[in-house]
Amino acid sequence: MNALYALFAVVVLVLLAFLGVSAAGLQVVFGVIVPYAAVSVFLIGIVYRVLKWATIPVPFRITTVCGQQKSLPWIKSSPLESPPNGLWTAARMALEVLAFRSLFRNTSISLASDDKAPGGKRIVYSANFFLWLGAIAFHYCFLVILLRHFRFFTEPVVFFVPLVQVLDGFFQVGAPVVYMTGLIILGALGYLLFRRFANPQVRYISLAADYFPLFLLLGIVISGILMRYFLKVDVVKAKELTMGLIGFHPVVPDGIGSLFYIHLFLVSALVVYFPFSKLMHMGGVFLSPTRNLSNDSRARRHVNPWNYPVHVHTYEEWEEEYRDKIEAAGIPLDKG
Amino acid sequence: MSSEELDIKPEDLLKFDYDPPKQDWMDPSVAFRKGTYCYSCAPKHLEYLEMANPREWQPHDKDWKLPENWKEIVFEGMRDRLSKYRSFQLFMDICVRCGACADKCHFFIGSGDPKNMPVLRAELLRSVYRNDFTAVGKILGKLAGGRELTEDVIKEWFYYFYQCTECRRCSVFCPYGIDTAEITMMARELLNLLGLNITWALEPAANCQRTGNHLGIQPHTFKDSLEFFQDEIEDITGVKVNLPISKKGADVLFVTPSGDYFADPGTFTLMGYMMLFHEIGLDYTWSPYASEGGNFGLFNSHELMKQLNAKIYAEAKRLGVKWILGGECGHMWRVVNQYMDTMNGPADFLEEPVSPITGTKFENAKSTKMVHIAEFTADLMKHNKVKLDPSRNDSLRVTFHDSCNPSRAMGLLEEPRHVLKSVCNHFYEMPENTIREQTYCCAGGAGLGTDENMEMRMRGGFPRGNALRHVQEKHDVNRLACVCAIDRATLIPLADYWAPGVVVTGVHELVGNALVMKGEKERELDMRGDPLNEMEGDEDV
């Protein structure tokens with residue numbers, strides 16, 4: 001049901017753009033006003049969210065330690081899993097952000113029968129790289145595709161674009177050359193969606209907010225692929241529009257094709273949705289206190305800015321309360 | 001220590017599958033079935049601790065007698081905590097529900113209840129957050145994953161947040177480091193604002209506030225207990241160990257969980273400490289005022305944690321010691337390693353810890369000035385400062401249970417292993433998915449280790465028990481060593497249930513067995529008073 005809501009929402013977005021451009025002739029709205037508004041919401045939204053997080057204190061050093069602490073000199077520590085200082089913490093974070101380290105650890109369990117064990121069952125652990133693979137494939141493809149799109153926003157085209165294009169089209173299949181990332185991202189998104197349906201636990205926990213970005217991204221990727229390989233739009237005119245947006249001299253050339261506007265509108269929807277959604281994990285991952293703090297709180301004091309005095313039952317009160325018993329037991333008293 | 005046996009057979013307990021029910025998780029209805037929840041705390045303890053809404057009630061009652069403005073209290077409590085803890089705000093915002101944590105929770109693995117998946121446990125709170133604290137949720141409500149806060153939601157919170165042992169295993173696997181323990185701690189604070197707490201978590205805290213330890217042991221009884229163990233040691237070894245109590249100017253204040261001087265098998269571990277300190281001539285002292293290392297405040301609120309923890313520094317200052325040594329305890333070390341210095345420091349009246357025996361500087365503890373006994377003892381053994389006869393433990397085939405907090409809140413993995421391998425010849429690891437940072441909880445942590453909760457404990461204990469059974473089968477393991485007082489109580493019924501024949505032991509109990517003391521008589525008995533090297537149970541080697 002949640003998936004249907006999400007799919008419905010994306011279909012509505014597609015239809016809105018299609019009808020808006022082809023029937024109502026609102027090219028200016030979908031080509032200029034919406035993108036500007038969307039990017040504004042995106043930037044303001046992200047800055048607001050990150051600043052809000054960043055201004056909330058981190059009262060305690062609650063590192064999740066995943067390896068041997070640095071203690072005695074002859075014990076080999078695991079600085080990446082239990083970072084003893086800021087530098088190692090940065091390295092741990094880099095692994096987390098760039099390689100999805102924690103997700104790589106993923107395992108799955110199943111129960112096998114075992115006559116000898118009480119209960120007759122045994123837990124079997126197996127490595128489970130699929131989620132990691134799907135996630136990393138999606139994110140890196142998204143990055144490459146984003147970089148490739150700089151050819152629409154720079155003139156002359158910025159230096160890394162041809163490089164990325166050559167690498168991405170390495171196999172030189174088809175004309176225009178097929179970019180691997182387009183296919184891989186489709187596969188990755190397809191898998192991430194598939195597991196939301198196929199895995200009973202994941203299906204159970206999935207909200208509309210989990211399906212919506214997947215459908216939206218699929219819509220963006222599919223419309224992009226259609227534009228490039230099948231229902232070709234006029235790239236020169238499209239670039240005229242995007243360069244106009246970037247240079248704050250918006251122009252709306254005729255005859256780009258409504259598919260372009262659908263693509264652009266879905267992207268606009270994504271960036272508007274971003275700051276209000278779980279997609280903010282992109283910024284959040286950098287701020288997560290269990291990962292971005294070192295495990296050195298016994299060596300270096302962590303300060304809680306809102307630390308406050310509490311009602312402690314003091315030694316004096318305690319001694320007064322148990323004076324007779326302390327004395328009878330022959331334990332030294334402070335006030336004899 | 002005897003515990004109630006669970007009258008459900010293991011094969012019946014495991015009659016469930018992991019497929020979620022038809023019922024939508026947003027439906028908050030919870031059946032309080034006996035054996036799966038803990039009882040409420042008596043009002044007198046709430047009154048003593050000046051906590052909210054003291055009254056007689058039980059979770060299975062229909063009317064929980066909430067304060068009239070309970071909703072307002074919860075929202076205000078959430079608002080306050082969202083602005084004070086970045087962790088809480090962030091963990092409410094960034095979960096993508098990828099499900100990597102789902103099968104990492106021992107309670108899920110042993111019950112199949114989907115609300116024991118860490119992601120869903122958090123969603124119970126997160127859904128209310130979305131509904132009332134986010135713009136999208138306020139507009140779209142249920143469509144945005146929002147859920148109205150009702151009394152049933154509160155009951156569900158109570159059930160599931162007192163069905164989380166704050167072990168942090170899920171947090172190891174989360175790509176954003178979302179820590180369910182943190183969310184559970186917030187939820188329990190909110191529940192406490194309404195007077196919803198459990199006796200096993202709160203009564204010990206009240207005792208500790210008053211007497212200095214969870215068990216409510218008063219100073220004269222404290223001394224009696226230690227003297228009793230002094231006599232026991234003399235019976236076993238012929239050596240009368242020293243017993244310094246409230247000794248001003250000692251080098252070291254020693255603090256250990258009260259379970260160690262209250263009940264077996266912790267007491268055997270305590271005897272191990274006393275023998276070791278005597279043998280190396282450590283100038284140390286016990287304190288009846290700070291007679292608790294454990295901190296059940298942690299299981300209720302940050303404030304209560306701080307209140308109880310404050311006594312340790314206060315006593316160290318009063319006695320004028322140089323630094324503090326801490327015994328084998330799990331959540332105690334979460335507090336010491338991650339909270340103590342921040343909450344109650346700086347401990348500038350103490351010196352940076354140096355072992356008077358080896359001269360080793362414990363640089364990793366130079367600010368907090370508190371050293372873990374496994375660090376201290378491993379250092380002694382590495383420098384050959386104690387004479388050991390590991391063959392005295394030859395009848396024991398030992399495995400090691402990493403306790404949640406020393407592993408995932410501290411990284412104390414190799415120190416206890418070094419000690420164990422120094423004092424016994426037969427040591428075997430459980431499977432790698434079940435030890436070190438991936439270790440499983442005993443399912444009785446965070447105040448849940450009570451008999452009325454036995455079914456849930458055995459369910460949650462299944463992954464640990466299963467791994468234990470594996471090494472019992474494969475290597476004839478007959479001893480499960482650990483460095484946690486809660487473990488020493490809760491792993492006993494767990495082992496009896498899932499791996500019968502395995503006996504639970506503290507690490508320093510085995511040190512006590514192997515320690516060759518100056519002037520000792522021919523050792524015939526182990527720490528338990530049983531003949532040395534006689535097999536336990538029916539196991540044969």
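Helices here are DSSP runs of at least four residues, numbered from the N terminus, and with that convention a reader of this predicted model can place Gly195(B), which takes a positive phi of about 80 degrees just after H10(B). Helix H10 of chain B itself covers residues 180–193, and its 14 residues reach 20 Å from the first C-alpha to the last, close to the 20 Å expected at 1.5 Å a residue. H10(B) is also mostly covered, with 14 of its 14 residues buried.

From this helix the view can widen to the place where the two chains touch, a contact that takes 100 residues from chain B and 87 residues from chain A. On the side of chain B that touches chain A, helix H15 (residues 302–319) of chain B gives the most, with eight residues. Sorted by class, that side of chain B has 46 nonpolar, 24 polar and 30 charged residues.

Within chain A, helix H2 (residues 27–55) and helix H11 (residues 258–273) pack with their axes 8 Å apart, at an angle of about 20 degrees. Because angles under 35 degrees count as roughly parallel, H2(A) and H11(A) are therefore roughly parallel to each other, and H2(A) passes H11(A) in a left-handed crossing. The residues of H2(A) that take part include Phe30(A), Val34(A), Ala38(A) and Phe42(A), while those of H11(A) that they meet include Tyr261(A), Leu264(A), Phe265(A) and Val272(A). In the contact of H2(A) with H11(A), 12 residues are nonpolar and three are polar, with no charged residues.

Key. Residues are numbered from 1 along each chain as its sequence is written. Chains are lettered from A and ligands numbered from 1 in the order in which they are written. This is a predicted model: local features need pLDDT of at least 70, side-chain atom pairs count only at pLDDT 80 or more; totals for chains, interfaces and linings use all residues. Two residues are in contact if their C-beta atoms, placed from the backbone, lie within 7 Å. Helices (H or I, at least four residues) and strands (E, at least two) are DSSP runs, numbered from the N terminus. Ala, Val, Leu, Ile, Met, Phe, Trp, Tyr, Cys and Pro count as nonpolar, Asp, Glu, Lys and Arg as charged, and the others, Gly among them, as polar. Axes are lines fitted to C-alpha atoms, for helices over the stretch in contact, and angles run from 0 to 180 degrees between N-to-C directions. Angles under 35 degrees count as roughly parallel, over 145 as roughly antiparallel, 65 to 115 as roughly perpendicular and the rest as oblique. A crossing is left-handed if the near helix is turned anticlockwise from the far one by less than a right angle, and right-handed if clockwise. The expected span of a helix is 1.5 Å times one less than its number of residues. A residue is buried if 20 or more other C-beta atoms lie within 10 Å of its own, exposed if 12 or fewer, and partly exposed in between; C-beta atoms are placed from the backbone.
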